[in-house]
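Here are some notes for a colleague who is opening this structure for the first time. They are set out as numbered points, and each can be followed with the structure in view.

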Amino acid sequence: MNRMTCVKALSAIIVIIMLMPTAVGHGANSYSFIMRNQSLQPSEAQVLDNSTIIFYNAAENNRTILIDSNRDGENDISCEVGPSNTCLLYTSPSPRDVEES
């Protein structure tokens, strides 16, 4: 095979690879929030599906977390957190949403 044929074959392979469909996704992420007496750090985060949210209560009293996940004005997720305790929340799909086969 001559050099020009090799270059054409390689170019065709590169074009085919570039035109193949690809899928893009994000892996599971974890977001941690620290709740102090009068503050929450960070104050906000954009959380995507398949993520874990952890709230650490550093205050000396119980804290209640209320989340409006679908932005309809009503809190649909709540979690009560005691002093020096954590609240673990998942966004769908989460391990609890997956049925075992």
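1. A remark on a single residue makes a convenient start, with the reminder that this is a predicted model. If neighbours within four places in sequence are left aside, Leu89 is in contact with Ser51, Thr52, Ile53, Phe55, Ile67, Ile77 and Cys79.

2. Leu89 belongs to the largest nonpolar core, a set of ten residues in which it is joined by Tyr31, Phe33, Met35, Ile53, Phe55, Ile65, Cys79, Val81 and Cys87. At least two residues of this core come from each of four strands, namely S1 (29–35), S3 (51–57), S5 (77–81) and S6 (86–90), and the greatest contribution is that of S1, which gives three residues. As general background, nonpolar side chains in soluble globular proteins tend to be buried together.

3. How many aromatic pairs are there? The count comes to one aromatic pair, and it is formed by Phe33 and Phe55, whose ring centres are 5.1 Å apart and whose planes meet at 20°, so the pair is described as stacked. The two partners come from distant parts of the chain, since Phe33 is in strand S1 and Phe55 is in strand S3, with their positions 22 residues apart in the numbering. Phe33 is buried, because its relative accessible area of 7% falls under the 20% limit, and Phe55 is likewise buried, with a relative accessible area of 6%.

4. The strands S1 and S3, which carry these two rings, also pair with each other, in the parallel sense and over seven bridges. Within this pairing Ser30 stands opposite Thr52 of S3.

5. On the subject of the sheet as a whole, four strands make up an open sheet with mixed pairing, in the order S2-S1-S3-S6. The edges are occupied by S2 and S6, each of which has a single partner strand, so one side of each is left without a neighbour in the sheet.

6. The two edge strands may be taken in turn. S2 (residues 40–41) runs antiparallel to S1 and is joined to it by two bridges, with Leu40 of S2 as the bridge partner of Met35; S1 and S2 form a hairpin that has four residues between the strands. S6 also runs antiparallel to its partner, S3, and five bridges join them, one bridge partnership being that of Ile54 with Leu88 of S6.

7. Which charged residue is buried yet has no salt bridge? This is the case for Arg63, for which the nearest side chain of opposite charge, that of Glu80, is 8.6 Å away. Arg63 lies in strand S4 (residues 63–67), and, when residues up to four places away in sequence are not counted, it touches Met35, Arg36, Asn37, Ser39, Asn57, Cys79, Glu80 and Val81. Two members of that list, Cys79 and Val81, are also among the residues of the nonpolar core.

8. A last point concerns the loop between S5 and S6, where Ser84 has its place. The phi of Ser84 is near 50°, a positive value in a residue other than glycine, and as a general matter most residues other than glycine have a negative phi. Is Ser84 buried or exposed? Ser84 is exposed, because its relative accessible area of 69% is over the 50% limit.

Note on methods: Residues numbered from 1 in each chain as written. Predicted model: local features only at pLDDT ≥ 70, side-chain atom pairs only at ≥ 80, totals over all residues. Heavy atoms only, no water. Core = buried A, V, L, I, M, F, W, Y, C linked by side-chain atoms within 4.5 Å. Buried < 20%, exposed > 50% of the residue type's maximum accessible area, 1.4 Å probe, protein only. Contact = heavy atoms within 4.5 Å. Pairing = 2+ DSSP bridges. Phe/Tyr/Trp six-rings, centres within 6.5 Å; stacked < 30°, edge-to-face > 60°. Lys, Arg positive; Asp, Glu negative; His and termini not counted. Salt bridge = Lys/Arg side-chain N within 4 Å of Asp/Glu carboxyl O.
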